Each structure stands twice: as structure tokens, then as C-alpha cells.
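Colleague: I'm new to this one and would like a close look at a single spot before anything else. Could you start there and then walk me outward through the rest?

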Amino acid sequence: MPDPADGCPDPAARALVAAAFAAISSRYVLGRHQIGAAVLDGDGHIHLGLHLDAMVGRAAVCAEAGALSAARLATGAELVSVAAVRYPKPTEAPVARVVPPCGLCRELLLDHAPNLHAVVRNGTHAVLTPLAGLLPHKYVGTKWPAGLTPKP
Ligand SMILES: [Zn+2]
């Protein structure tokens, strides 16, 4: 299967995509785990997450949430970027694809890492883009004081 990291012009994006691809490639199970994610922290460490599907759809957990949790468990360092890779089902063409964070993950990731960048596809290339640009008018609640990002 082609590595979706091939052709990433940015070394940081390439490393994240490769890590996410390796994670899901080693743990893919039809109907249970379809996406792997990788989060890069400011110290240069990569934290992995695995999508957890569920019998009740809304109980499923995205790979990005898993990677965010793993990162926060391991370090208080600023989080720099995230990438996710979707592994193909057996009935699909054998091509793993970089996928952008879903809307819920955009909210969650920005709550915990407001300067985070995400790897997205731009034509045939995977590139880093500010995550905030993918979520204009982000929800701002009253749970945390304005402008305060929770300290890890
Ligand atoms: Zn998600």
C-alpha cells in the first residue's frame, strides 16, 4: 500500500503522516479501528491515537482525541501539529488517505492547543495549515475564563 506520507513536501507533515499511517496500519480492524492520528509536541515527540468505533455511533472516539489524550498524559509541552490517516476497508482501493479532523475534533483540539496546525490534503500533497482556519467562529463557552487555555 502506498505510504500517504510520500510526496509530503514538509518534513514535519511527512513525519506526522508516516506515524499516523504506521499506527493505523498496525492496528486496523474492520469496523473497530479505521483511523490513526499523530500529535507532535513542542519538544519534538509524537503521540499516537487510534480511532475507537462503537456499536452506538456517538460513543465512538476519534483518533485525534486519543492522540491528544496520549500527548497530555505524556507532557505539558505545547502541541504543534496533528495528522490523521484513514485506512481503507477491504472493499476499497488499497489507498490510505490523510483526513482532516472532524468538526468535534477541531473544537476539542483548539480548546487544548489553540495554535495547533493540522495536516490536510491540498491536491496531491499533504500540507500543514492552522487548525483555527478550519474552524471559523469556534464555539466559546463560559466553562473556562476567556482567553484561558487550561494548563496541563
Ligand atoms: Zn474527530
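Where in the chain does His137 lie, relative to the strands?

Modeller: Happy to. Keep in mind that this is a predicted model. His137 lies in the segment after strand 6, which covers residues 125-130. The backbone there has a quirk: His137 has a positive phi of about 60°, although it is not a glycine. As for its surroundings, the relative accessible area of His137 is 81%, and because exposed means over 50%, His137 counts as exposed.

Now for some contrast, go to strand 3, residues 79-86. Strand 3 is mostly covered, with 7 of its 8 residues buried. Look at what pairs with it. Strand 1 runs antiparallel to strand 3, and the two share 7 bridges; Ile35, for instance, has Arg86 in strand 3 as its bridge partner. Strand 4 also pairs with strand 3 in the antiparallel sense, over 2 bridges, and there you can find Val85 opposite Val98 of strand 4. With strand 5, residues 117-122, the pairing is parallel, again over 2 bridges. In that pairing Val82 stands opposite Ala118 in strand 5.

Strand 3 also helps to cover helix 2: the buried residues of that helix are covered by elements including strand 1, strand 2, strand 3 and helix 3. Those buried residues are Ala63, Glu64, Ala65, Ala67, Leu68 and Ala71. You can check the length of helix 2 too: at 1.5 Å a residue, its 12 residues should span 16 Å, and its end C-alpha atoms are indeed 16 Å apart, so the two agree.

Just before helix 2 you reach the metal site. The zinc ion is coordinated by the SG atoms of Cys62, Cys102 and Cys105, at 2.2 to 2.3 Å. Along the sequence these donors follow the pattern C-x39-C-x2-C. Cys62 and Cys102 are 40 residues apart, and this pair links distant parts of the chain: Cys62 is in the loop between strand 2 and helix 2, while Cys102 is in the loop between strand 4 and helix 3.

Are those two cysteines buried or exposed? Neither, as it turns out. The relative accessibility of Cys62 is 29%, so Cys62 counts as partly exposed. Cys102, at 33%, is also partly exposed. The cut-offs matter here, because buried means under 20% and exposed means over 50%.

Notes. Residues are numbered from 1 along each chain as its sequence is written. This is a predicted model: local features need pLDDT of at least 70, side-chain atom pairs count only at pLDDT 80 or more; totals for chains, interfaces and linings use all residues. Side-chain values use heavy atoms; hydrogens and water are left out. Donors are N, O and S atoms within 2.8 Å of the metal (3.2 Å for Na, K and Ca); water is not among the atoms, so sites may look incomplete. Helices (H or I, at least four residues) and strands (E, at least two) are DSSP runs, numbered from the N terminus. Buried means under 20% relative accessible area, exposed over 50%, partly exposed in between (1.4 Å probe, protein chains only). The expected span of a helix is 1.5 Å times one less than its number of residues. Contact means heavy atoms within 4.5 Å. Two strands pair if DSSP finds at least two bridges between them.
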